[in-house]
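Good morning, colleagues, and thank you for making time for this item. Please look at the sequence and the structure before I begin.

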Amino acid sequence: MDTLLQPEERVLSTLNPDGSRRWLKPRPSPGKWLRARRVVAWLLIVIFTALPYITINGKPAILLDILAREFTFFGKTFFATDTLLLGLFMMIVFVSIFMITALAGRVWCGWACPQTVYMEFVYRPIERLFDGKPGTRAKPGSSGFRKLLKYVCYVLVSAFLAHTFLSYFVGVENLRHWIFGSPLDHPIAFLVVLFTTALMLFDFGFFREQTCIVACPYGRFQSVMLDRSSLIVGYDRNRGEPRGPLKRRRKGGDVSLTVAQESQGDCIDCTMCVQTCPTGIDIRDGLQLECIHCAQCIDACDAVMDRIGKPRGLIRYTSQEALDHGKRKLLRARLIIYPLLLLVLISAFVGVLLTKSGAEASIIRESGNLFNIVQDGQIMNQARIRITNRSSSTVTYSASIASPEGVRIELTPETLTLEPNKMDSMMARIIARPELFTTSPIDVYVRVTGSDGFEKELHFSAHGKIWAGSSP
Ligand code: SF4
Ligand code: SF4
């Protein structure tokens, strides 16, 4: 009965054939790629931690204020109404991802993704510190106490990480207030911090590499974004196969290691590349969805090749094309199209940014009656004028009627003083003489002016009773 339930082939590298979790404890493989990745990882951790504290033009380097719908990047604030800029920005991000993947494969996954960086260079080292390295004897001392210490470290790191992550959304000042205030003063914020910490703990303490294998959409997309010439971590099957173990040879008192048969390839089937893999796969099975191109198997195999006196690079950064035909095609259509597209998008983004006026103003009809008849039979339409100050100084705004004659405007408040990147609105009562309404609606132009010289005309359709003659 049991055998009936066994899958015919491996379903997931983190599942045992009986469906239970296969906990991965990758063996670290010191080497040039691990050293380089460690430097990059710690540089990124420092940048990620420091960015919310850095201010440019008095604003945080990055602040994604979702509630206020304001997004600040390096001193420039964008609003949800900046649809063109945000659209262009998203397109730039997507085309950049396509281009980088076509050129360098999953370099983001293996070198820069926060999931990999924190998992491989923070959480796994903590695990090894308390549990010992995989394949070595368990550390002396009470295992229960060591486990407890390990989880205390996990919780502390997760809490720190959660606070850093949240500071990108609420700003460091708010966060400081939350940390030093009583949770009862801000229960929602406290719950958000608690939930984010629990989420980090779940991800890095329990779910781990499965985020890359089953949850991350980018991992799923990679197969359509890679082509045969993209950079991958690949096993040189032509050189390594047929694989086979080393044989001990005794000559006199000397013992040497040699391949078992003359026809044998360079792979000695030591499985060091498998034991070091953080996603638990065997690179010798070919390019797989689970491979995050972390290069740990390169370091592991290079060390083995050094020991048996063979050239390094049985597993290496290469491409499918190079593995099959010995040559990597660098110039491909997509590597011309993507940069050109990116150039156009970046130029458009910069162009829109530079030609943006010092403020944004719009007029919206208030809900309720289309119009009201006020004193002397005059027709009143109610609207709201919304202004966003895009300049870098505080500006006072006002509004007046540009045309037609016979229409006046009453504002509440009469003027609007806005700090940089602030948005507010004023109520406008647009009052017109009844005889203007020979058609309904009539076109009214409202001129918004700012103390910094800003000027913009807004179109408003004023509704009213149509008078057949000159008098009611
Ligand atoms: S196969 Fe190699 S490059 Fe791919 S995830 Fe495993 S160790 Fe990293
Ligand atoms: S580390 Fe190298 S030699 Fe050892 S099994 Fe992997 S590919 Fe073969």
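I shall go through the domains, the core, the two ligand shells and the sheets, in that order.

Please bear in mind throughout that this is a predicted model.

I begin with the domains. The assignment divides the chain into domain 1, residues 22-225, domain 2, residues 232-325, and domain 3, residues 359-462. Between the C-alpha centres of domain 2 and domain 3 there is a separation of 74 Å.

Where, then, does the largest nonpolar core lie with respect to domain 1 and domain 2? This core has 40 residues, and the members that touch the most others are Val 233, Cys 273, Ile 283, Cys 297, Ile 298, Cys 301 and Ile 315. Two or more residues come from each of α2 (32-50), α5 (114-131), α6 (143-170), α8 (187-207), α9 (210-215), β6 (232-235) and α13. Because domain 1 and domain 2 both contribute residues, the core lies between them.

Strand β6 deserves a closer look, since I have just named it. Is this strand covered on one face or on both? On one side Ile 232 and Gly 234 are buried, and on the other Val 233 and Tyr 235 are buried, so that both faces of β6 are covered. Its partner is strand β9, residues 315-318, and the two are antiparallel, with four bridges between them. Within this pair, Val 233 is placed opposite Tyr 317 of β9. Val 233 is also one of the core residues with the most contacts to other members.

I turn now to the ligands, starting with ligand 1. Its shell holds 14 residues, and the closest of them are Cys 277, Ile 283, Cys 291, Cys 294 and Cys 297. By class, ten of the shell residues are nonpolar, four are polar and none is charged. Ile 283 and Cys 297, listed here among the closest, also appear among the core residues that touch the most other members.

Ligand 2 has 15 residues around it, with Cys 267, Cys 270, Met 272, Cys 273 and Cys 301 the closest. Which classes make up this shell? It comprises eleven nonpolar, two polar and two charged residues. Two helices, α12 (272-275) and α13 (296-308), each provide at least two residues of the shell. The greatest contribution is that of α13, at three residues. Cys 273 and Cys 301, both among the closest to ligand 2, are again named among the core residues that touch the most other members.

Finally, the sheets. One is an open sheet of three strands in the order β3-β4-β5, with antiparallel pairing. Here β3 (62-65) and β5 (76-79) are the edge strands, each with a single partner, so one side of each has no neighbour in the sheet. Ignoring direction, neighbouring strands are turned by 15 degrees against each other on average. Four bridges connect strand β4, residues 70-73, with β5 in the antiparallel sense, and Thr 72 faces Thr 77 of β5.

Another open sheet has four strands, ordered β15-β13-β17-β18, and its pairing is antiparallel. At its edges are β15 (416-418) and β18 (455-462), which pair on one side only. From one strand to the next, the twist averages 30 degrees. Strand β13, residues 395-403, is joined to β15 by three bridges and runs antiparallel to it; Tyr 397 has Leu 416 in β15 as its bridge partner.

That concludes my presentation, and I thank you for your attention.

Notes:
Residues are numbered from 1 along each chain as its sequence is written. Chains are lettered from A and ligands numbered from 1 in the order in which they are written. This is a predicted model: local features need pLDDT of at least 70, side-chain atom pairs count only at pLDDT 80 or more; totals for chains, interfaces and linings use all residues. A residue is near a molecule or strand if its C-beta atom, placed from the backbone, lies within 6 Å of it. Ala, Val, Leu, Ile, Met, Phe, Trp, Tyr, Cys and Pro count as nonpolar, Asp, Glu, Lys and Arg as charged, and the others, Gly among them, as polar. Domain bounds come from an automatic or database domain assignment. Two strands pair if DSSP finds at least two bridges between them. Axes are lines fitted to C-alpha atoms, for helices over the stretch in contact, and angles run from 0 to 180 degrees between N-to-C directions. A nonpolar core is a set of buried Ala, Val, Leu, Ile, Met, Phe, Trp, Tyr and Cys residues joined through C-beta atoms within 7 Å. A residue is buried if 20 or more other C-beta atoms lie within 10 Å of its own, exposed if 12 or fewer, and partly exposed in between; C-beta atoms are placed from the backbone.
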